Amino acid sequence: MMSYESYKNVEDSRTEWMKCIQYEDINGNNRLFGGRLLEWMDEVAGIAATRHCGGFVTTAAIDNLQFKKGAFLNDVLVITAKLTHVGVSSMEVRVDVYVEERETGMRRVINRAYFTEVHVNEDGKPLPLKYGLNHKTESEKAEWEGAKKRLEVRHQRRVEGF
C-alpha cells in the first residue's frame, strides 16, 4: 500500500474542454485531423493530472486509443478527462471525446484513450504523488481494476521489448 498525505476524489480533478472544429483542424478528407485531436486530448489529460497532483506532469504513455467515429467542420467537440488510477509518481487519465449535437445537446462518443501522466519536477525527474485516489462508485472501482490490467500489459510489453 502506498503512503499518501491524503486522498482526492475522481471528481476533484475532472476536466471538460469544448471546441468548435474550424478549417485549420480539418485534414485532406474534410474530417478532423487525428493528430490535432490527439494534441487536444493530451492537453486535457495533462490538465486533469495537474489538478490532481498540484504540480508539473509529462505524458509517458497512451493506451487503447480508439477512433470510433469522425468529426467534421463546425462540429462541437467535448473532451472530458478523469483520473482512473494513481501509483507512486504516475496517474492514469481516461479521456473521452464527444460530438455534441447542437439541437439536442446529446453527446456521441467519437474517441477514447487512457493517458499515463507522470508527476515531475522542473528537470523532468519523477516526483512521488501526495494524493491517492478515492474510487467511490462501481464505475470508478471498475476503472481502477482496468487500470491495473493496463499497467500489467504495459510492463509485459516493456519486458518483451515493445
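In the predicted model, the residues of helix H1 that are buried are Leu37, Trp40, Met41, Val44, Ala45, Gly46, Ala48, Ala49, His52 and Cys53. Helix H1 comprises 20 residues, from 34 to 53. From its first C-alpha to its last, the helix reaches 28 Å, which is close to the 28 Å expected at 1.5 Å a residue. Immediately after H1, the backbone of Gly54 adopts a positive phi of about 75 degrees.

Aromatic pairs were searched for across the whole structure, and two were found. One is formed by Tyr4 and Tyr7, whose ring centres are 5.5 Å apart and whose planes stand at 80 degrees, an edge-to-face arrangement. Tyr4 is buried, its relative accessible area being 17%, and this value lies under the 20% limit for burial. Tyr7 is partly exposed, at 38% relative accessibility.

Trp17 and Trp40 also form a pair, with 5.6 Å between the ring centres. Because the planes of Trp17 and Trp40 meet at 50 degrees, this pair is classed as tilted; planes count as edge-to-face over 60 degrees and as stacked under 30 degrees. The pair links distant parts of the chain, since Trp17 belongs to strand E2 (residues 15–20) and Trp40 to helix H1, 23 residues apart. Trp17 is partly exposed, with a relative accessible area of 30%, whereas Trp40 is buried, with a value of 8%. Trp40 is thus one of the buried residues of H1 listed above.

Charged side chains also lie over aromatic rings. Lys8 is positioned over the face of Tyr131, 4.3 Å from the ring centre. For Arg157, the charged end sits over the ring of Phe162, at 4.5 Å from the centre of that ring.

Thr84 was examined individually. This residue is located in strand E4, which spans residues 76–86. Thr84 counts as buried because its relative accessibility is 3%, against a limit of 20%. A polar contact of 2.5 Å joins the side chain of Thr84 to the side chain of Glu92. Glu92 also appears among the residues in contact with Thr84 when neighbours within four places in sequence are left aside. The other residues in that set are Val93, Arg94, Tyr114, Leu133, Glu143, Trp144, Ala147 and Arg150.

Methods
Residues numbered from 1 in each chain as written. Predicted model: local features only at pLDDT ≥ 70, side-chain atom pairs only at ≥ 80, totals over all residues. Heavy atoms only, no water. Helix = DSSP H or I, 4+ residues; strand = E, 2+ residues; numbered from the N terminus. Expected span 1.5 Å × (residues − 1). Buried < 20%, exposed > 50% of the residue type's maximum accessible area, 1.4 Å probe, protein only. Phe/Tyr/Trp six-rings, centres within 6.5 Å; stacked < 30°, edge-to-face > 60°. Lys NZ or Arg CZ within 6 Å of the ring centre and 35° of its normal. Polar contact = N/O pair within 3.5 Å; in protein donor to acceptor, adjacent residues only side chain to side chain. Contact = heavy atoms within 4.5 Å.
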